[in-house]
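Here are my notes on this one, written for someone opening it up fresh. Have the viewer ready and follow along point by point.

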Amino acid sequence: MYAFLGRFVARRWWLVILLWVLAAVAINPKCQRWAGFKITPTWDEVTKDGDLAYLPARMTSVRGQKLYGEAFPENKSRSEIVVVLERDGGLKQEDLDFAHEIGDYFDVEKAAMADWTAENKRPDQRLAAVEVMRPARNIEPSKSSAEDLVGAKLMSPDHEAVLVVCSLEHEFIAIDSAHVLGTVRGKVGEMQTAAEKRAENPLPAGLNWGLSGSAAVGGDTLIESDKSIKNVHLATGVLVLLILLVVYRAPILVFVPLITIGISVIVAKDLTAWLTQLGTVPGFSWFHFEIFMTSEIFIFIILFGSGTDFCLFL
């Protein structure tokens with residue numbers, strides 16, 4: 001098989017190159033728009049975001065999420081970010097005031113989210129806040145009201161830690177979680193610095209804070225995944241380059257398989273994006289194919305790995 005393929009490529013190299021170039025141009029969304037039509041969607045248009053979004057509708061977890069939404073339509077919370085305030089030896093009243101200042105910030109974001117939703121606009125660069133829970137306003141809450149009762153539950157029994165909980169509309173592993181994590185981390189840091197600089201009733205030193213909750217876990221996961229993808233791309237490219245240099249021992253010749261593999265990655269990525277739309281074609285309604293945001297890394301690694309091997313075989 002390899003002998004036949006090698007002879008075909010060697011004798012019809014111009015045809016092979018022409019077919020690959022035509023395929024890369026024909027399936028590319030940008031080239032299609034330039035030509036006045038669009039068949040292939042872009043990668044960002046079809047990739048799914050979230051921990052359940054890419055699963056088929058028949059899956060139990062997706063069905064359960066749908067039933068939950070139907071039973072509790074007013075509750076849109078899917079994840080939460082939690083600000084934890086802690087002081088060794090016990091919190092001070094100023095610490096609780098700072099906790100409520102953080103809660104007020106979340107409330108502003110909640111109101112902005114409601115305005116965006118009412119106008120049917122996508123809340124870009126906004127926290128998709130749907131509910132905010134604060135600790136009690138005093139170290140010893142009266143528990144006479146529902147707010148005080150809930151607030152008391154957000155304070156540790158030894159009064160050394162409190163929680164400010166903000167429920168969010170997006171799933172915990174969604175891309176928005178990374179944005180939320182960075183935004184809240186920066187905002188709380190700014191608020192603490194401003195509180196410590198205030199002349200009146202300054203925030204005492206020694207208050208520690210951190211972020212927790214499912215959105216924080218998802219945000220950290222996505223941030224580190226993005227770093228891993230970049231490192232994998234770099235490491236894969238360097239290793240392939242070194243292997244080809246050792247095998248071919250001709251620097252200029254190395255670029256032939258690299259260009260070949262690069263074009264194959266572009267074609268494969270566009271073809272994968274197009275396959276997500278195949279289910280909309282009459283007669284193919286049974287075909288269900290979804291891709292996740294990070295699926296790109298598998299295309300890159302598999303094609304660079306197998307592409308290097310096949311180039312060496314040829």
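1. Let's start with the charged pairs. The count of salt bridges comes to 6. Keep in mind that this is a predicted model, so everything below is a reading of computed coordinates.

2. Look up Arg134 and Asp107, whose side chains meet in a salt bridge at 2.2 Å, N to O. Arg134 sits in the loop between β2 and α7, while Asp107 belongs to helix α6, so the pair ties together parts that are 27 residues apart in sequence. Is Arg134 buried or exposed? Arg134 counts as buried, since its relative accessibility is 18% and the cut-off for buried is under 20%. Its partner Asp107, at 29%, counts as partly exposed.

3. Next, jump to Arg185 and Asp220. These two form a salt bridge as well, with the closest N and O atoms 3.9 Å apart. Arg185 is in helix α8 and Asp220 in helix α9, so this bridge ties together parts 35 residues apart in sequence. Both ends are partly exposed: Arg185 has a relative accessible area of 41%, and Asp220 comes in at 37%.

4. For a local pair, try Glu224 and Lys227, where the salt bridge is 3.5 Å from N to O. Both residues lie in helix α9, 3 residues apart, which is about one turn of the helix. Glu224 is partly exposed at 43% relative accessible area, and Lys227 is also partly exposed, at 45%. Back at Arg134, there is a bit more to see: salt bridges with shared partners join Asp104, Asp107 and Arg134 into one network.

5. Now the aromatic rings. There are 5 aromatic pairs by the count used here. In one of them, the rings of Tyr105 and Phe106 have centres 5.5 Å apart and planes at 40°, so the pair is tilted. Tyr105 and Phe106 are both buried.

6. How are the planes of Trp286 and Phe287 set? Their planes are at 85° and their ring centres 5.8 Å apart, so this pair is edge-to-face. Trp286 is exposed, with a relative accessible area of 61%, whereas Phe287 is partly exposed at 23%. Trp286 and Phe287 also belong to one aromatic cluster with Phe284 and Phe289.

7. On to the inside. Which residues touch the most other members of the largest nonpolar core? In this set of 27 residues, they are Ile81, Val83, Leu85, Phe98, Ile102, Phe106 and Val184. The core draws on several elements: β1 (79-86), α6 (93-118), β2 (129-133), β3, α8 (175-197) and α9 (214-248) each supply at least two residues. A second, separate core has 8 residues, including Val240, Val254, Ile261 and Phe304.

8. Leu85 is worth a click. Setting aside neighbours within four places in sequence, Leu85 is in contact with residues including Leu91, Asp95, Phe98, Ala99 and Ile102. Further along the chain, its contacts include Glu160, Ala161 and Val162, and also Leu207, Asn208 and Trp209.

9. One backbone detail to check is His159, whose phi is near 60°, a positive value in a residue other than glycine. Most residues other than glycine have a negative phi. You'll find His159 in the loop between α7 (146-153) and β3 (161-168).

10. Cysteines are a short topic, as the count of disulfides comes to 0. Two cysteines to look at are Cys31, partly exposed with a relative accessible area of 30%, and Cys166, buried at 0%.

11. Finally, the whole chain. Its secondary structure comes to 11 helices and 4 strands. Buried residues make up 33% of the 314 residues. Of the contacts between residues at least 6 apart in sequence, 72% join residues at least 24 apart. The chain exposes about 18,800 Å², and carbon and sulfur atoms supply 63% of that area.

Methods:
Residues numbered from 1 in each chain as written. Predicted model: local features only at pLDDT ≥ 70, side-chain atom pairs only at ≥ 80, totals over all residues. Heavy atoms only, no water. Core = buried A, V, L, I, M, F, W, Y, C linked by side-chain atoms within 4.5 Å. Buried < 20%, exposed > 50% of the residue type's maximum accessible area, 1.4 Å probe, protein only. Contact = heavy atoms within 4.5 Å. Areas by Shrake-Rupley, 256 points an atom, 1.4 Å probe, with all protein chains shown as cover. Disulfide = S-S within 2.5 Å. Phe/Tyr/Trp six-rings, centres within 6.5 Å; stacked < 30°, edge-to-face > 60°. Salt bridge = Lys/Arg side-chain N within 4 Å of Asp/Glu carboxyl O.
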